[in-house]
Amino acid sequence: MCYSLFIDLLKNCSKNRLVNQGKQVHGVVEKLGFGSDLVLNNDLIDMYAKCGTLGLAYLVFDKMPERNVVSWTALICGYLQNGDAKASLMLFSKMGRSAVMPNEFTLSTSLKASGILGILENGMQIHGVCVKTNFERILVVGNSIVDMYSKCGRTIEAARMFNAMTVRNRISWNAMIAAYSNEKTGEVALKLFRQMQEKGEVPDEYTYSSTLKACSSLGAIRDGTQIHAALIRRGFQYLVHSTVAGALIDMYVKCTCIAEARTVFNRIEQKNVISWTTLILGYAQEDNLPEAMALFRELRESRHKVDGFVLSSLIGVFADFALVEQGKQMHAYTIKVPYGLDTSVANSLLDMYMKCGLTDEADALFKEMPTRNVVSWTVMITGYGKHGIGNKAVELFNEMQVEGIEPDSVTYLAVLTACSHSGLIKEGQQYFSSLCSNRQSKPQVEHYACMVDLLGRAGRIKEAEDLIEKMPLKPNVGIWQTLLSACKKHGDVEIGEQVGQKLMQLDGNNPVNYVMMSNIYADAGYWKESEQIRDTVKRKGLKKEAGRSWVEIDKEIHIFYNGDGTHPLIEKIHEVLKEMEKRMKEEIGYVHNVNFALHDVEEESKMESLRFHSEKLAIGLVLVHGGLREERMIRIFKNLRVCGDCHTFIKGLSKVLKIVFVVRDANRFHRFENGSCSCGDYW
């Protein structure tokens, strides 16, 4: 048997992944005394690596009496191709200590490994080697440098390398377009996409996927549909390429064109789990929960395996919409599937229970979890904080550190928010001081905003203002809004006016700022100033986000908007609300707070408009649906902050009806029981 035949046999085994035949050839090579041959050993390493048997590949490598650049590169490539980028880089480092110099393939592979791991320092060191050895000018190396910087989030360095390349190919353009798409600088990605075609390069599936991603981030429906048309015009089989089809669906979903997304989805030959999930989440974002649930049932019945990402995403939908029954069903489903054991899935379930107001269920699941990470603890601390159970949040924050889990910046934000919602000033100051001295996490604007909120709730407005003025970071709109909210709570018109002026300069087209200022003036009895602010809002054509509340009855979601008159039971809802108002007026002296109604209408119309607030309509439906016979807990969910009149109304209703109302608004949970609220009337 001739020497060249062994080489041909090994290459065939490598090409067709025939590991057993490769082992047989290896055995014959050893018996015939070719075991020390450099070329044959290199082919053996390549064959074993491509067949996924890296242990045998390394064994051959380790026994070699001599090695050359091909030996090292074959093994380095093998580890990367088999998903072990860390081992690939470690081997490259070991090669650096040998006398063998890397070639362009060694360098490009190691650059790819650095990019996959996101280790910028290693990538820059390898780039330095490329510059010194002039390998930087070779196309495959230049492309790998661009890709490495792109994956490490260093778009400027990637662009610098891309612009310096004298020769580029489609891979070069793809790497650069992907870099800008990932950095959410979609305009530049689209510009490069056009330039690439002007230079004569033909886009492939990676080009289209990245460019469609850029359209998604921009909401650029026109560019996205043009790319879709180009795919059809060029006869590109995009329905076969799942990445392109998935990117198209995502683009249409992000641009709120759900019908177009569904059309693409229905035509895909081989649907994957990501496409299913994207469309399901799209329907959920459009408030079309029945269609989202129907699609999920189809997914479960299909041959596709629901992985941890899908489970977490769908549980997130149930959490956002507070779908208690569906959430519990999903929990039961996760127990039956392998990915249900993922910590990320359990964390999503914790979040779902907390957002549904089921703190006991969240606590029970948290205690049962076999492994808990920093996210698990943070979710629980956040949940207790939003429920106004600050002491429990503080207790968990201390406990997690005892168990050796280091809090990150998000955990600090959660515990500071919890202290703020519960008025735990001393604890909040202690944790903020701890964060300031922390080497790993430094306070961001959001942490300062928590302290401003904490001080503001306590009426220490000037102290809160001083904190903003002295902090080492530039104040953003959010932190000034926090201070303005505190001014409204405590009727501080003077500081409120100063803060309001700053907000008008920083964020002059945000209606929220004008509404807060108008309310500060109205509460102080400055009607003229209040009306001037409202006139400005009308003149600028600014509109607040529509208030929306929803309630789940017998597994069906009923959504109401402010002023909504579309529900088939709307007349009965108004009748029961009027009846409740009358009863509350007689029993506890309830009166409408018309400051939260329009100022340019008659008094009676003001009261009517308040009755049309979405949370009242949702409560009215529950009362119509179930009557007033049995005592129970009623859960209502709202996308915005609960207004003062509705807050007073629900407090009174809880006392008169002896019913517990749990209301989740944009900021926190309110538990109304026997005429009082867990938020202490500041939210």
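This is a guided tour of one structure, going from a sheet to two pairs of helices and then to single residues. Keep in mind throughout that the model on your screen is predicted.

**Stop 1: the sheet**

Begin by selecting the strands β1 to β6, which make up an open sheet of six strands with mixed pairing, in the order β2-β1-β3-β4-β5-β6. At the edges you will find β2 and β6, the latter covering 676-677, and each of these two strands pairs on one side only. As background for this stop, the strands of a sheet pair through backbone hydrogen bonds, and they may do so in either a parallel or an antiparallel way.

Now narrow the selection to residues 548-553, which are strand β1, together with residues 556-561, which are strand β2; the two run antiparallel and are joined by six bridges. If you pick out Arg548, you can follow its bridge across to Tyr561 in β2. The two strands form a hairpin with two residues between them, and in that turn Asp554 is worth selecting, since its phi is positive, at about 50°.

Move next to strand β3, residues 633-638, and strand β4, residues 660-664, where five bridges hold a pairing in the parallel sense. Within this pair, select Ile636 and look for Val663 of β4, which stands opposite.

Before leaving the sheet, add residues 614-626 to the view: this is helix α35, which lies across β1, β2, β3 and β4 and runs at about 20° to β1.

**Stop 2: helices α33 and α36**

Two packed helices are described by the angle between their axes and by the distance between those axes. Which angle do α33 and α36 make where they cross? Select residues 570-588 for α33 and residues 644-657 for α36, and you will see axes that come within 10 Å of each other and cross at roughly 75°. Because of that angle, α33 counts as roughly perpendicular to α36. To display the contact, show the side of α33 that includes Leu577, Met580 and Met584, and on α36 choose residues including Phe649, Leu653 and Val656. Sorted by class, the residues of this contact are eight nonpolar, one polar and four charged.

**Stop 3: helices α5 and α7**

For a second pair, select residues 69-81, helix α5, and residues 104-117, helix α7, whose axes lie 9 Å apart and pack at an angle of about 25°. With an angle under 35 degrees counted as roughly parallel, α5 is therefore roughly parallel to α7. The crossing of these two helices is left-handed. Among the residues that make the contact are Val69, Thr73 and Ile76 of α5, along with Phe105, Thr106 and Ala113 of α7. The contact of α5 with α7 has seven nonpolar residues, four polar and one charged.

**Stop 4: two single residues**

Stay with α5 and select Thr73, which is found in this helix. Is Thr73 buried or exposed? Its relative accessibility is 8%, so Thr73 counts as buried. Leaving aside residues up to four places away in sequence, Thr73 touches Asn103, Phe105 and Thr106.

Finally, go to Ile280, which belongs to helix α17, residues 273-285. Ile280 has a relative accessibility of 2% and so counts as buried as well. Apart from residues up to four places away in sequence, Ile280 touches Ala292, Leu295, Phe296, Leu299 and Leu314. To end the tour, add Lys638 to the selection: Ile280 and Lys638 are 358 residues apart in sequence, and from C-alpha to C-alpha they are 22 Å apart in space.

Note on methods:
Residues numbered from 1 in each chain as written. Predicted model: local features only at pLDDT ≥ 70, side-chain atom pairs only at ≥ 80, totals over all residues. Heavy atoms only, no water. Pairing = 2+ DSSP bridges. Helix = DSSP H or I, 4+ residues; strand = E, 2+ residues; numbered from the N terminus. Axes fitted to C-alpha atoms, helices over the stretch in contact; angles between N-to-C directions. Parallel < 35°, antiparallel > 145°, perpendicular 65-115°, else oblique. Contact = heavy atoms within 4.5 Å. Nonpolar A, V, L, I, M, F, W, Y, C, P; charged D, E, K, R; others polar. Left-handed = near helix turned anticlockwise from the far one by under 90°. Buried < 20%, exposed > 50% of the residue type's maximum accessible area, 1.4 Å probe, protein only.
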